[in-house]
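Q: I am new to this structure and would like a close look at a single part of it, with enough background on the whole to place that part. Please take it step by step.

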Amino acid sequence: FEVTVTGAEAGPTAWIITDPDGNILGLPTGPPFDLEGAGEGTCLIWHLSYEEGLIGVEVGNNTADLVGCFDFSNAITVTRNGVSGGTLSRTDGTEDPFAFTVGDGTADNIPADAITLSENTGTNSQWVVTNSDGTTILGLPGNYADVDFDGAGAGTCLVWHLSYEDGIEGLVAEGAVVDLVGCFSWSNSISVERTAASGRVALYPNPAKGKVRLDFSGFNGTNISVRIYSLQNVQVFDRELSSTRNVRNTTSIDISNYKNGIYFVSVTDNISGKRVIKRLIVK
């Protein structure tokens, strides 16, 4: 930032940055001053006029120990606010990406309590979805749980948290991350892997209580594994099934002992490896 000085006497001059106690932190050549790497805190910027022979103008010294003929201007106080995007982690403790089967007409949202954000600081807060290499902003949701990935097609994207101060520029959907200008900080990212549906699998009712019926008649496979996982990635169901072409294949699953919450039903073709994942809500 720019600072101007008026009324200074002719002669040797210097710019001095101190902490509030007068300890000399820097001796910049002049404005504009870049304090980006200084961290959080408060500092004072002074202009110093002096006669030859002044002693003690060195970083680490205190202005009270200067010896010679000199005079300080008034000080400009600068408050440096820290900005940190924070740390993202999966609430279930795993480091796996979130995985969805997309294009089957079923909403694919990250559950509202599935990501924990910690240690973030800054005046403003924003969730951001980018492409897989983090170069393009795809979306700016109010919360990561608001995003339905079902219509996004197959691929991988990244979920981030961004902290920033007022005045940021370039924070727009379809914008390039490199074009962001201002005071901001990114968290780490969490991946979302989107796999195209390879066959029709239906759960009904959903939400369910007591029992849920799995319809895999449209799934292209004859040797099938069905597994159910809790939100904490604990497997609670495992069954091998056979599918016959041109026959409606369904099975009933007892969920009466399941706690209320969100589960993921994985249907896998054991021969081809193709998999469909459906979200089940137990109420």
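**An aromatic pair in its setting**

A: Among the contacts in the chain with a separation of 6 or more, 68% are made by residues 24 or more positions apart, and this, like everything that follows, is computed from a predicted model. The chain is built with 20 strands and zero helices, and its C-alpha trace covers about 100 × 35 × 30 Å along the principal axes. Its radius of gyration is 30 Å, whereas a compact globule of 283 residues would have one near 19 Å. Of those 283 residues, 41% are buried, and the chain has an accessible surface of about 15100 Å², with 47% of that area belonging to carbon and sulfur atoms.

The part to look at closely is an aromatic pair. When the whole structure is searched, seven aromatic pairs are found. One of them joins W46 and F72 in an edge-to-face arrangement, with 5.4 Å from centre to centre and 65 degrees between the planes. Because W46 sits in strand β3, which runs over residues 41–50, while F72 sits in strand β4, made of residues 70–72, the pair ties together parts that are 26 residues apart in sequence.

The cover over the two side chains can be described next. W46 has a relative accessible area of 22% and is therefore partly exposed, since buried means under 20%. F72 also counts as partly exposed, so it falls outside the buried class, with a relative accessibility of 22%. The two residues belong to a wider group as well, for ring pairs link W46, F70 and F72 into a cluster.

For another place where parts separated in sequence come together, one can turn to N206, a residue of strand β14, which spans residues 200–209. Leaving aside its neighbours within four places in sequence, N206 is in contact with R279, L280 and I281. N206 and K283 are 77 residues apart in sequence, while their C-alpha atoms are 9.2 Å apart in space. With a relative accessibility of 33%, N206 counts as partly exposed.

A last piece of background concerns charge. The chain carries 34 negative and 17 positive side chains, and 31 Å lies between the centres of the two sets. To return to the part you asked about, the edge-to-face pair of W46 and F72 is best pictured together with F70, the remaining member of the ring cluster.

Technical notes. Residues numbered from 1 in each chain as written. Predicted model: local features only at pLDDT ≥ 70, side-chain atom pairs only at ≥ 80, totals over all residues. Heavy atoms only, no water. Helix = DSSP H or I, 4+ residues; strand = E, 2+ residues; numbered from the N terminus. Rg over C-alpha atoms; globule rule 2.2 N^0.38 Å. Buried < 20%, exposed > 50% of the residue type's maximum accessible area, 1.4 Å probe, protein only. Contact = heavy atoms within 4.5 Å. Areas by Shrake-Rupley, 256 points an atom, 1.4 Å probe, with all protein chains shown as cover. Lys, Arg positive; Asp, Glu negative; His and termini not counted. Charge placed at Lys NZ, Arg CZ, Asp CG, Glu CD. Phe/Tyr/Trp six-rings, centres within 6.5 Å; stacked < 30°, edge-to-face > 60°.
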